[in-house]
Amino acid sequence: MVIPTMTDITMSAICPGKDECSIAIYLTGIQQTVPYASALISVMSIFVMPCLKSMASKQVGPNEQGKVQGCISGICSFVSVVSPLIFSPLTALFLSENTPFHFPGFGLACVAFALMVAFTESFMITSAHPVTNCNLSNSDSEEP
């Protein structure tokens, strides 16, 4: 069962201020698929970090993989703390009465834009040359 409040918020985010669009959304039944689509996105997001770490580990040599994995984990931890601090007030601002312009889904649009930029950047990653001669010993720990 769809909660009417969730349906109204979804429709106002998709088509703000247009009754014709709202009727079309009600008639097509798109609002019932929103919870399923969001659940599918959250399930698929589980695979992002292992894929990202796999791609990054193929870009560096065997002696630098720990640094890369730690750097990626640190960035992800930092972003998971900072992003709610940025996007929660942004969403609250555009859902309040004193907005700069009427666009209730502005916070989601900003997130979508950031994801689109990251997706575009991912195509710019060049493939690394395979390491043929790798020395796994640490040169700093050897005695001369």
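**Exercise 1.** A search of the whole structure, a predicted model, finds zero disulfides. Work out why Cys71 has no bond to the closest cysteine sulfur.

*Solution.*
1. The closest cysteine sulfur to that of Cys71 is in Cys76, at 9.7 Å.
2. A disulfide needs the two sulfur atoms within 2.5 Å.
3. The sulfur of Cys76 is therefore too far away for a bond with Cys71.

**Exercise 2.** Classify Cys71 and Cys110 as buried, partly exposed or exposed.

*Solution.*
1. Buried means under 20% relative accessible area, and exposed means over 50%.
2. Cys71 has 47% relative accessibility, so Cys71 is partly exposed.
3. Cys110, with a relative accessible area of 23%, is also partly exposed.

**Exercise 3.** Describe the aromatic pair of Phe94 and Phe106, and say which parts the pair ties together.

*Solution.*
1. The structure contains five aromatic pairs.
2. In one of them, Phe94 and Phe106 are 4.4 Å apart centre to centre, with 35 degrees between the planes, and the pair is tilted.
3. Phe94 belongs to helix H5 (residues 65–95) and Phe106 to helix H6 (residues 106–122), so the pair ties together parts 12 residues apart in sequence.
4. Phe94 is buried at 6% relative accessibility, whereas Phe106 is partly exposed at 23%.

**Exercise 4.** Determine the type of the ring pair formed by Phe103 and Phe106, then name the cluster that ring pairs build.

*Solution.*
1. The ring centres of Phe103 and Phe106 are 6.1 Å apart and their planes stand at 70 degrees.
2. Planes over 60 degrees apart count as edge-to-face, so this pair is edge-to-face.
3. Phe103 is partly exposed, with 25% relative accessibility.
4. Ring pairs join Phe94, Phe101, Phe103 and Phe106 into a cluster.

Methods: Residues are numbered from 1 along each chain as its sequence is written. This is a predicted model: local features need pLDDT of at least 70, side-chain atom pairs count only at pLDDT 80 or more; totals for chains, interfaces and linings use all residues. Side-chain values use heavy atoms; hydrogens and water are left out. Rings of Phe, Tyr and Trp (its six-membered ring) pair if their centres lie within 6.5 Å; planes under 30 degrees apart count as stacked, over 60 as edge-to-face and the rest as tilted. Helices (H or I, at least four residues) and strands (E, at least two) are DSSP runs, numbered from the N terminus. Buried means under 20% relative accessible area, exposed over 50%, partly exposed in between (1.4 Å probe, protein chains only).
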